[in-house]
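Hi,

Here is the structure I promised to pass on. Have a look at it first, and my notes on what turned up follow underneath.

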Amino acid sequence: MSKILLQGPFEQPLGFLVELHLASIMDEKYEEMMKAKGFLLYNLDTLPAKFIQMAKEELGETDEIRRSALEQFRKRILEYKKLKCLTDDKFLIQFLRVRKYNVDKAMGQLHNYFNLITSYPHLFETLDKEKMDKLASSNFANILPFRDPDGCPVVTVKIEHWDPDDINVQVLFCLVVAVFFSFEIYPANQICGIRVIVDVKKFSLKHLRCLVPRYIPLIAKALRNCLPVRFKSIHVVNEADIFRQFWSVLKIVLSEKLKSRIFFHGHNLQDVHKFIPKEVLTCEYAGDCTSYNVGVLKEVDKIYDRFSMTIKAFFSKKCT
């Protein structure tokens, strides 16, 4: 069947444009439905009053405590010459929130984060933006457009879109750390925590060999008191025997607290709805979301210069 083309410098098949228009209408209807039900967008430019109250009740955050803790935290860092990192409020407050404004614990977590990056210079010292963009554009990772009722953003990671023959582990880990770094953009992420869906469909021996055993310590450290993120829950779906071999090794080095927040659902995707409402989830997880309108590539682009500067500061000879 021949395709009808629109005439002009930007010729497109008419059917494609119709599909694009229908998708746009579906997206608008979905957004209207979600807002009517009280769900909040991922992109929150202002902090809702209920999250300010949550920060006060769960994290002990007030204007005075925040100001005092930031001052103490910055002073500690500047006095400790071996710790090379940024010291602006935006960077430091992530660690204070994740450790509930305990400056000693925040300092420990920052040390862990710093040591994680600097212990693997072959992974992090040189960033390959072009390949990071390629992986980010591949549907490997996504941030769903609406938050769950607790305010948590939902991140999906799909292993089937990572081909180790094309994208090496260096690019993989740099992108993952950059995505977590991008959570600093919205304070609600730090206050509410995040939920992650790890879709391990097509996890293969090739993936296993790339990660085990060399990078098991890195993954464990990243998940345990290192990244400035509160993991509320991690949901593994579509797991097969080969992934269970990976998990049998990883679970040995994870804390009991973290393991209690990791759930395995197999191919029962509706089981995920017990933790994350189907309204938030995409159709591939038996949900209602019609599109990914929060592109990981766009989010990483927002912070890439700052992320690169942070990495350079970690490996530099002077604190910035």
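**What I found**

Valine 237 is buried, because its relative accessible area is 0% and the cut-off for buried is under 20%. Before I go on, one caveat: this is a predicted model, so take everything here as computed from that prediction.

Valine 237 sits in strand β4. If we skip the neighbours within four places in sequence, valine 237 touches Ile197, Val198, Asp199, Val200 and Lys201, and also His265, Gly266, Leu269, Val272 and Tyr285. Valine 179 is another matter: it is 58 residues from valine 237 in sequence, and the two C-alpha atoms are 21 Å apart.

**The strands**

β4 covers residues 231-237 and runs parallel to β3, with 6 bridges joining the two. Within that pairing, arginine 195 stands opposite serine 233 of β4. β3 also pairs with β2 (residues 154-158), again in the parallel sense, over 5 bridges. Two of the matches there are valine 155 opposite valine 196 and valine 154 with arginine 195 as its bridge partner. So arginine 195 turns up in both pairings, as the partner of valine 154 in β2 and facing serine 233 in β4; that "so" rests on how pairing is defined, by DSSP bridges.

β1 joins in with the opposite sense: β1 and β2 run antiparallel, with 3 bridges between them. Isoleucine 143 stands opposite valine 155 there.

How covered is β3? Of its 6 residues (194-199), 6 are buried. In a regular strand, side chains alternate between the two faces of the sheet. In β3, Ile194, Val196 and Val198 point one way, while Arg195, Ile197 and Asp199 point the other way, and all are buried. Note that this set includes Arg195 and Asp199.

β2 gives a similar list: 5 of its 5 residues are buried. Val154, Thr156 and Lys158 point one way from β2, Val155 and Val157 point the other way, and all of these are buried.

**A buried glutamine**

Glutamine 109 is in helix α5, which spans residues 103-118. Is glutamine 109 buried or exposed? Its relative accessible area is 3%, so it counts as buried. Apart from neighbours within four places in sequence, glutamine 109 contacts Phe95, Val98 and Arg99, as well as Asn225, Cys226, Leu227 and Pro228. From glutamine 109 to phenylalanine 231 is 122 residues along the chain, and their C-alpha atoms are separated by 14 Å.

**Backbone oddities**

Most residues other than glycine have a negative phi, and most peptide bonds are trans. Here are the exceptions I noted.

- Asparagine 225, one of the contacts of glutamine 109, has a positive phi of about 50° although it is not a glycine. Asparagine 225 lies in the loop between α11 and β4, and its relative accessibility of 41% makes it partly exposed.
- Asparagine 139 has a positive phi too, about 75°, and is likewise not a glycine. Asparagine 139 is in the loop between α7 (129-136) and β1 (141-143), and at 25% relative accessibility it counts as partly exposed.
- The peptide bond from valine 212 to proline 213 is cis, with omega near -5°. Proline 213 belongs to the loop between α10 (205-211) and α11 (216-223).

**The whole chain**

Zooming out, the protein has 14 helices and 5 strands. Is the overall fold compact or spread out? For 320 residues, a compact globule would have a radius of gyration near 20 Å, and the 21 Å of this protein agrees with that. Along its principal axes, the C-alpha trace spans about 70 × 45 × 45 Å.

Of the 320 residues, 48% count as buried. Contacts with a separation of 6 or more come 78% from residues 24 or more positions apart. The accessible surface is about 16,000 Å², and carbon and sulfur atoms account for 55% of it. As for charge, there are 47 positive and 39 negative side chains, and the centres of the two sets lie 7 Å apart.

Over to you!

Key. Residues numbered from 1 in each chain as written. Predicted model: local features only at pLDDT ≥ 70, side-chain atom pairs only at ≥ 80, totals over all residues. Heavy atoms only, no water. Buried < 20%, exposed > 50% of the residue type's maximum accessible area, 1.4 Å probe, protein only. Helix = DSSP H or I, 4+ residues; strand = E, 2+ residues; numbered from the N terminus. Rg over C-alpha atoms; globule rule 2.2 N^0.38 Å. Contact = heavy atoms within 4.5 Å. Areas by Shrake-Rupley, 256 points an atom, 1.4 Å probe, with all protein chains shown as cover. Lys, Arg positive; Asp, Glu negative; His and termini not counted. Charge placed at Lys NZ, Arg CZ, Asp CG, Glu CD.
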